Amino acid sequence: MSLVNFSGQNVVEFTITGFDHLPHHKLMGAVILLAYCLAVLGSAANICVISTDRRLHRPMYLLICNLALVDIMFTTSASTTMISVLLAGDKTISYHSCLSRVYIYHLGDITECLALSLMALDRTVAISEPLRYDTILTNQRVFILIVVSWLIGIGCIGKLIYTADQLPYCQPVIKYVFCDYAAIIRAACVDPEPYWLLPSFMALWLLAGHFPLIVLSYGKLVFTVLRLPNTEKGGRTFRTVISHFVPVASYYAPKLVSVLLTRVGVTLNLTERNALLIISTLVPPLINPTVYCLQNKEIRGVLLRVLRRSPVVPSKD
């Protein structure tokens with residue numbers, strides 16, 4: 001792949017046109033704003049509860065906290081652009097701001113995948129090896145795994161951004177609903193085909209590598225739980241396993257739909273591609289805190305205690 005030694009300074013800003021042909025901009029913007037606020041609020045609540053309660057400083061909760069941080073970063077990078085376009089009517093974004101959002105968005109995307117893989121590993125060890133769980137997965141080991149996952153994401157996405165920053169941009173128009181790698185590559189004055197190679201390898205690694213391992217992990221968990229005696233605890237564990245697979249399905253479903261439709265020869269138009277982008281950006285961060293908060297007895301208990309705590313009103317006597 002030959003890079004053009006050009007910093008893109010001939011384009012000072014981009015214009016987001018992905019919503020131009022759609023009606024009801026204000027309504028769509030209000031829905032996205034509501035979903036974004038709920039996602040950030042839920043993730044922030046999980047982070048606050050886990051960080052302030054020392055009883056929750058355990059491997060599983062460190063992973064939930066990491067996922068919540070990734071969710072905030074992932075959805076903020078795209079949602080704020082869409083909200084600005086739809087509600088404020090500001091369709092322009094500076095070149096460097098767009099590039100930084102591309103970096104944050106894809107960093108969040110890849111670290112979300114790695115975070116889900118780590119959580120699948122945690123649940124597999126917890127249910128398959130309950131007596132050895134505390135020795136296999138310690139806080140220190142989980143923290144190292146989290147740091148490694150972030151370093152992998154930073155390195156991979158850094159290479160993409162470096163590639164994109166070297167290209168000449170002669171058309172300041174982005175036909176998608178926010179800044180991502182595909183959008184800015186298509187805005188460059190080059191043949192985009194050679195620049196899909198690295199993203200394709202990364203997508204193959206995520207979809208063909210991590211997703212089957214996660215599915216096999218949860219399949220093993222279901223098999224293990226079904227072999228347990230038919231007790232209330234076994235049923236509760238089974239419901240927990242199924243609920244933990246919901247975030248995995250919400251993250252991978254839009255990606256798998258896009259890949260499978262492409263493989264069978266279905267070409268998605270711009271509106272359909274943008275719809276999948278919006279779903280993949282908003283739905284997982286909205287579902288994750290709901291699942292890990294409502295389905296987790298300890299986090300739910302801490303939140304209920306906080307909500308029940310009423311301020312003391314001073315006496316007027």
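Colleague: How many residues does helix H5 have, and what span is expected at 1.5 Å a residue?
Modeller: Keep in mind that this is a predicted model. Helix H5 covers residues 139-165, which gives 27 residues. From the first C-alpha to the last, H5 reaches 38 Å, close to the expected 39 Å.

Colleague: Nice start! What covers the buried residues of H5?
Modeller: Let's first see who is buried. Among the buried residues of H5 are Val 142, Ile 146, Trp 150, Gly 153 and Leu 160. The cover over the buried residues of H5 includes H2 (59-88), H3, H6 (181-186) and H7 (197-226).

Colleague: Now the sheet. In what order do the three strands lie?
Modeller: Look at the edges to work it out. Strand S2 (92-94) and strand S3 (173-174) are the edge strands, each pairing on one side only. The sheet is open with mixed pairing, and its order is S2-S1-S3.

Colleague: Which residue is the bridge partner of Ile 16 in S3?
Modeller: Strand S1 spans residues 13-16 and pairs with S3 in the parallel sense, over two bridges. Follow S3 to the partner of Ile 16, and you arrive at Ile 174.

Colleague: Which helix packs on the sheet, touching S1, S2 and S3?
Modeller: The helix to look for spans residues 95-128. Its direction makes about 85 degrees with that of S2. That helix is H3.

Colleague: Is the disulfide of Cys 98 and Cys 179 left-handed or right-handed?
Modeller: The two sulfur atoms are 2.1 Å apart, and a disulfide needs them within 2.5 Å, so this pair counts. Cys 98 lies in helix H3 and Cys 179 in the loop between S3 and H6, so the pair ties together parts that are 81 residues apart in sequence. The torsion about the S-S bond is about -120 degrees, so the disulfide is left-handed.

Colleague: Is Cys 170 buried or exposed?
Modeller: Cys 170 is joined to Cys 189 by a disulfide, S to S 1.7 Å. Cys 170 sits in the loop between H5 and S3, while Cys 189 sits in the loop between H6 and H7. The relative accessible area of Cys 170 is 54%, and the cut-off is over 50%, so Cys 170 is exposed.

Colleague: What pattern do the disulfides of the protein chain follow?
Modeller: The count comes to two disulfides. One joins Cys 98 to Cys 179, and another joins Cys 170 to Cys 189. With bonded cysteines counted along the chain, the pattern is 1-3, 2-4.

Definitions and conventions. Residues are numbered from 1 along each chain as its sequence is written. This is a predicted model: local features need pLDDT of at least 70, side-chain atom pairs count only at pLDDT 80 or more; totals for chains, interfaces and linings use all residues. Side-chain values use heavy atoms; hydrogens and water are left out. Two strands pair if DSSP finds at least two bridges between them. Helices (H or I, at least four residues) and strands (E, at least two) are DSSP runs, numbered from the N terminus. Contact means heavy atoms within 4.5 Å. Axes are lines fitted to C-alpha atoms, for helices over the stretch in contact, and angles run from 0 to 180 degrees between N-to-C directions. The expected span of a helix is 1.5 Å times one less than its number of residues. Buried means under 20% relative accessible area, exposed over 50%, partly exposed in between (1.4 Å probe, protein chains only).
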